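Biologist: Hello! Could you walk me through this structure, one question at a time?

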Amino acid sequence: MSNYAMDVDVAKVGCLVPKMDDVKKELLVSMNELYARGLKTSCQWSADLLLSLEVGNNPKPLAKKIEGYKRPKITRSCLTSVPKRMPVSKPTDLYSIDQLPIAYHEMELYLHARTCYNAKEYQRASFWLKNCYSNIPLFLKMYSDYLAADSNIKNIGSEATPSMFKEYRNFLDYLSQLLESIRQQKRGDGYLTYLLGVVYVKLEQYEAAVNMLVESINEVPLNWHAWMQLGDLIVDRVKLSKLELPNHWMKNFFYCQKYLDLQLNEQMLGMTQYLFNCGFSDSIFLQSRVAVCYHNKRYIEIAVQKFQELIEIEPCRLENMDTYSNLLYVQHQRVELAYLAQRAVKIDKYRVETCCILGNYYSLHGEHQKAMRYFHRALKLNPLYLAAWTLLGQEYMELKNSNDAIQSYSKALEINKYEYRAWYGLGQTYEILGMFKHSLHFFKQAQLLRPFDSRMIIAVGNVYEKLGNVDMAFQSYLKGRAMGDDEKLGLIYLAKLYVVINRPDDAAKMFLEYIEEHGLDEQTRDHSYAYMFLANYNLTRMNFDQAFHYAQKCLNYAETKEEAKALLKTIVHERIYMEIDNILKLTSMDEKKSKDYDKEEMPRQLELLSLTQKAEVNQSEDNKVDDDDDDDSDEEEHLCNSISRYMILVDPSESDSVLDSVSE
């Protein structure tokens, strides 16, 4: 076992990791076998993992800390006994030719065929290996046949005829029978069993494919190709829990990936922390998964920081950079997204990640047609590219093309039914179409996948409100508030719901809380609605100072500007009438105080009222003669004059500031 302590009980979910010396030996042997068979992705993955373990003669640094998990205690003895870089006994140990289990008379044919395979000349490679029977040349021949047929049908694409598809399926049937015969005769190995599982996937025999892939993993557990192919078939949490996998340390990495795919973010972080503590803290694979996990948990700032660290470690790496572009898109970081797009094009403009990054870039700039073009290009490169289908649906929604949006989201769900963004997108689409029962179903599915995401819960509550179910809407909004409500959607929806059911006091509290929490962002329609409600609310309760303050705020919004002008007039008149009424009441109640009362005060108040009324009459007469273009300016001038007269009489010190705010 590793020198580092565990943070999670891996006995329930994974496997204990052996000493790093043993891990390195396994990786070196496996890389020989993978490279010899042309499984380049697995070989590269093993090389990256091997690189993360090469620490030279320096002691291994402390494992990286993941937020929410405690760092294990490291003793001095642990630091002194950290394994050093394992010396290579022979210069031919890695990628050696003479040690490969290939018959002597097949070696030259195999070497020539492998050069053809590396050049993607699969049919040519298969031709040179047709008379070879050793396991490695046999696998390379059959794998070349499979890749040749698969790439050919993909290149033809929509132009393929039914006869072409029939021929392709007949070839897969023949290949599966041949591989099954080799397996039954026990002449094959784990790699040929893996290829049989891949062929079964193409033939849509998924149960048989799972069995073959599990059998292959038991024989050759370091074939990452097999793990990933198996992961694509396990799209259910129940199936994952019932899966019988070998007791090998590679199972931990498999669980990391599947936990991430199934939105089990906390479990994924726990497993990753354990692997960090075991000595894999420099693994780019694990670090990239942590960054994606923080993206799923909506820890935006932390996720952006993690992706920036990945770019510093390996600037030319494009894997997962499409997720990073989504973060920059949500944050409206145009400069950073432009830089990322430019860098991705320089690295490889024909990668699906590059197409996705460019699509997000053009979408952020409002060029939705160009964005759709790049998402379609990504789907041509990989029809199963999940992110492109989801983002394409969002672009269709921007262009108000509901039918195509529904098709795109549905295609994403066919690929992975745990894609919560597709469920959420379908809910939004049907909500716009007014089909609220359908919308509620899709939002609930998204909520099941993201039970702690306040956006999903509040979306459910919003649909309940539109369906007239006020109680369920209240429960959803309150639950969304309890889950964090980062975007404050639950707060504003809850306030509006209080208005609808005529509970103004509760609505005012919610609107005040919303304004306090969003004090720096005052350019939304919700802000204008909140200010207008608070202005009217305080006016009905004769809190004229507060009403005047909120009415002034409404002048900053186009949708409430005209209503705010009328409201300011009403506030001035109501306050004058109230003060005059108070004066009359005081006069009738106490004659002595009436004698001492300043005789000029009443004429001043009456003069103000008459002046404002007279100005309104003159203004209405002038409007009949003036042009329409001068209406707004005359009305604002009249309002400013009326308010200034009132404020001079009431409190001359406030007149300048109020007049400036209204004139603006």
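Modeller: Happily; the answers that follow concern a predicted model.

Biologist: Let's begin with cysteines. How many disulfides are there by the rule used?

Modeller: A disulfide is a covalent bond between the sulfur atoms of two cysteines. Take Cys356, which is buried at 0% relative accessibility. Its closest cysteine sulfur belongs to Cys355 and is 8.7 Å away, too far for a bond, because a disulfide needs the two sulfur atoms within 2.5 Å. By this rule the count of disulfides is zero.

Biologist: And Cys278, is that residue buried or exposed?

Modeller: The cut-off for buried is under 20% relative accessible area. Cys278 has a relative accessible area of 2%, so this cysteine is buried.

Biologist: Now to charges. How many salt bridges does the rule count?

Modeller: Side chains of opposite charge can pair when their charged atoms come close. One of the pairs is Arg124 with Glu121, at 2.8 Å from N to O. Both partners are partly exposed, Arg124 at 42% relative accessibility and Glu121 at 32%. In total, the number of salt bridges by this rule is 21.

Biologist: Glu215 and Arg183 also meet in a salt bridge. How many residues apart are they?

Modeller: The side chains of Glu215 and Arg183 come to 2.9 Å, N to O. This pair links distant parts of the chain, with Glu215 in helix α10 (residues 206-219) and Arg183 in helix α8 (residues 162-184), and the separation is 32 residues.

Biologist: How exposed are those two partners, Glu215 and Arg183?

Modeller: Partly exposed covers values between the buried limit of 20% and the exposed limit of 50%. Glu215 is partly exposed at 25% relative accessibility, and for Arg183, also partly exposed, the value is 26%.

Biologist: Which residue forms a salt bridge with Glu353?

Modeller: Glu353 is buried, at 12% relative accessibility. Its partner is partly exposed, with a relative accessible area of 31%. The closest N and O atoms of the pair are 3.0 Å apart, and the partner is Arg351.

Biologist: Which residues are joined into one network by salt bridges that share partners?

Modeller: We have already met the bridge between Glu215 and Arg183. Shared partners extend the picture to one network, made of Glu180, Arg183 and Glu215.

Biologist: Which residues form the positive surface patch?

Modeller: Let's start from one member, Lys380, which sits in helix α20 (residues 368-381). Lys380 is exposed, because its relative accessible area is 75% and the cut-off is over 50%. The positive patch consists of Lys349, Arg373, Arg377 and Lys380.

Biologist: How far apart in space are Ala547 and Ala535?

Modeller: Ala547 belongs to helix α30 (residues 544-554) and is buried, at 0% relative accessibility. Along the sequence Ala547 and Ala535 are 12 residues apart, while their C-alpha to C-alpha distance is 4.2 Å.

Biologist: What is the phi of Lys120, and where is this residue found?

Modeller: Most residues other than glycine have a negative phi. Lys120 is exposed, with a relative accessible area of 61%, and is found in the loop between α5 (107-118) and α6 (122-128). Although not a glycine, Lys120 has a positive phi of about 65°.

Biologist: One last lysine: what is the phi of Lys400?

Modeller: Lys400 lies in the loop between α21 (386-398) and α22 (402-415). Lys400 is exposed, at a relative accessible area of 74%. Its phi is positive in a residue other than glycine, near 60°.

Key: Residues numbered from 1 in each chain as written. Predicted model: local features only at pLDDT ≥ 70, side-chain atom pairs only at ≥ 80, totals over all residues. Heavy atoms only, no water. Patch = residues over 30% accessible without salt bridge, like charges linked within 9 Å, V, L, I, M, F, W, Y side chains within 5 Å. Areas by Shrake-Rupley, 256 points an atom, 1.4 Å probe, with all protein chains shown as cover. Salt bridge = Lys/Arg side-chain N within 4 Å of Asp/Glu carboxyl O. Lys, Arg positive; Asp, Glu negative; His and termini not counted. Charge placed at Lys NZ, Arg CZ, Asp CG, Glu CD. Helix = DSSP H or I, 4+ residues; strand = E, 2+ residues; numbered from the N terminus. Buried < 20%, exposed > 50% of the residue type's maximum accessible area, 1.4 Å probe, protein only.
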